[in-house]
Amino acid sequence: MKRKAVNFSLILVIVSLTANLSCKKETETNTKDPSANVSKVAMENSTSEAAFADAFRQVDKACKENNLKNINSCPIVTITPFDLTYPKDLVIDYGTSCTGDDGAARSGKILAHLTKSYIDSGSVTTVTFDNYYVNNRKITGTEIITNHGMNGGGHHVFDVTIQNGNLYSVDGVTVYNSVQQREWIQGDNTLLNPLDDVYMITGTASGTTTDGTTYTLIINTPLKVAVNCAWVESGIIEITPLNNPTITVDYGTGDCDNNAVATCSGYTTNIVMP
């Protein structure tokens, strides 16, 4: 399948599950579907993950451009101090309306505090929001990215934590929290070319959907995510809505395609991600 660039930051993984899998009760009647809301849970989790990943992508982009935006353009980026020293405070101001090169309409501000450069061991980047909207969806919460240096394999490793994440929409509020560990296995020697970056992701997530369904998610087998591929290439996750069966999703063994296999209550379904 043709590879295409995916719109996420250097550290992003989008858990892109949109399966309409029906997990039937293992009873004689099989008349009730106990996880009819699984697709909603998966979609809102994916949307939340993507929203916070995109926020860091905006921070990363602003740091790499390393210049102040023209007063007539958007967003207006302010870096203090505007030199090579750290710590720094970064403000990305989208004003009342700013359409990015990705077609998304943003307003409000993203605020970031950087103790060191993202690539430096021990760096902590803290991202918060000030009346921030993307496509009319308000986003609040705190994202913390901590660089723990290199592991025994010579790869940079990061902790990425989302605390008190909230996405507001006409349907209500999606609550999202996650703790991930990300190993940067390819592309760290070409910092200005994110398209060759590859990460291995582990961790957990939890949240509440707009209809009040709570869920947990765990990555059982590390997810392989390449920035130049639109889908997760390999790995296994489990997503469990409260009082519903667990769904296991297997993304395969490394091909860049939109195929996965979902298993629930003994039923297996091939799924195709958008």
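**Close-up 1. The disulfide between C229 and C256 is right-handed, because the torsion about its S-S bond is about 105°.** In this predicted model, the sulfur atoms of C229 and C256 are placed 2.1 Å apart. C229 belongs to the loop between β10 (214–226) and β11 (234–241), whereas C256 belongs to the loop between β12 (247–253) and β13 (259–264), so the pair ties together parts that are 27 residues apart in sequence. Both cysteines of this bridge, C229 and C256, are buried.

**Close-up 2. A disulfide joins C74 to C98, with an S to S distance of 2.2 Å.** The torsion about the S-S bond of C74 and C98 is about 90°, and the disulfide is therefore right-handed. C74 is found in the loop between α1 and β1 (76–80) and C98 in strand β3 (residues 98–99), so that this pair ties together parts lying 24 residues apart in sequence. The surroundings of the two cysteines can be read from their accessibility: C74, at 38% relative accessibility, counts as partly exposed, while C98, with a relative accessible area of 3%, is buried. The count of disulfides in the model comes to two.

**Close-up 3. F52 and F129 form an edge-to-face aromatic pair.** The count of aromatic pairs in the model comes to nine; in the one formed by F52 and F129, the ring centres are 6.0 Å apart and the planes make an angle of 65°. Since F52 lies in helix α1 (residues 38–65) and F129 in strand β5 (residues 124–134), the pair ties together parts that are 77 residues apart in sequence. F52 is buried, as is F129.

**Close-up 4. F52 also forms a stacked aromatic pair with Y176.** The centres of the rings of F52 and Y176 are 6.3 Å apart, with 20° between the planes. With F52 in helix α1 and Y176 in strand β8 (residues 172–186), the pair ties together parts that are 124 residues apart in sequence. Both F52 and Y176 are buried.

**Close-up 5. Five aromatic residues, F52, Y94, F129, Y132 and Y176, form one cluster.** The cluster includes F52 and F129, whose rings meet edge-to-face, and it also includes Y176, whose ring is stacked with that of F52.

**Close-up 6. The charged end of K88 sits over the ring of Y86.** The distance from the charged end of K88 to the centre of the Y86 ring is 5.0 Å.

Methods:
Residues are numbered from 1 along each chain as its sequence is written. This is a predicted model: local features need pLDDT of at least 70, side-chain atom pairs count only at pLDDT 80 or more; totals for chains, interfaces and linings use all residues. Side-chain values use heavy atoms; hydrogens and water are left out. Rings of Phe, Tyr and Trp (its six-membered ring) pair if their centres lie within 6.5 Å; planes under 30 degrees apart count as stacked, over 60 as edge-to-face and the rest as tilted. Helices (H or I, at least four residues) and strands (E, at least two) are DSSP runs, numbered from the N terminus. Buried means under 20% relative accessible area, exposed over 50%, partly exposed in between (1.4 Å probe, protein chains only). A charge sits over a ring if NZ of Lys or CZ of Arg is within 6 Å of the ring centre and within 35 degrees of the ring normal. A disulfide is a pair of cysteine sulfur atoms within 2.5 Å.
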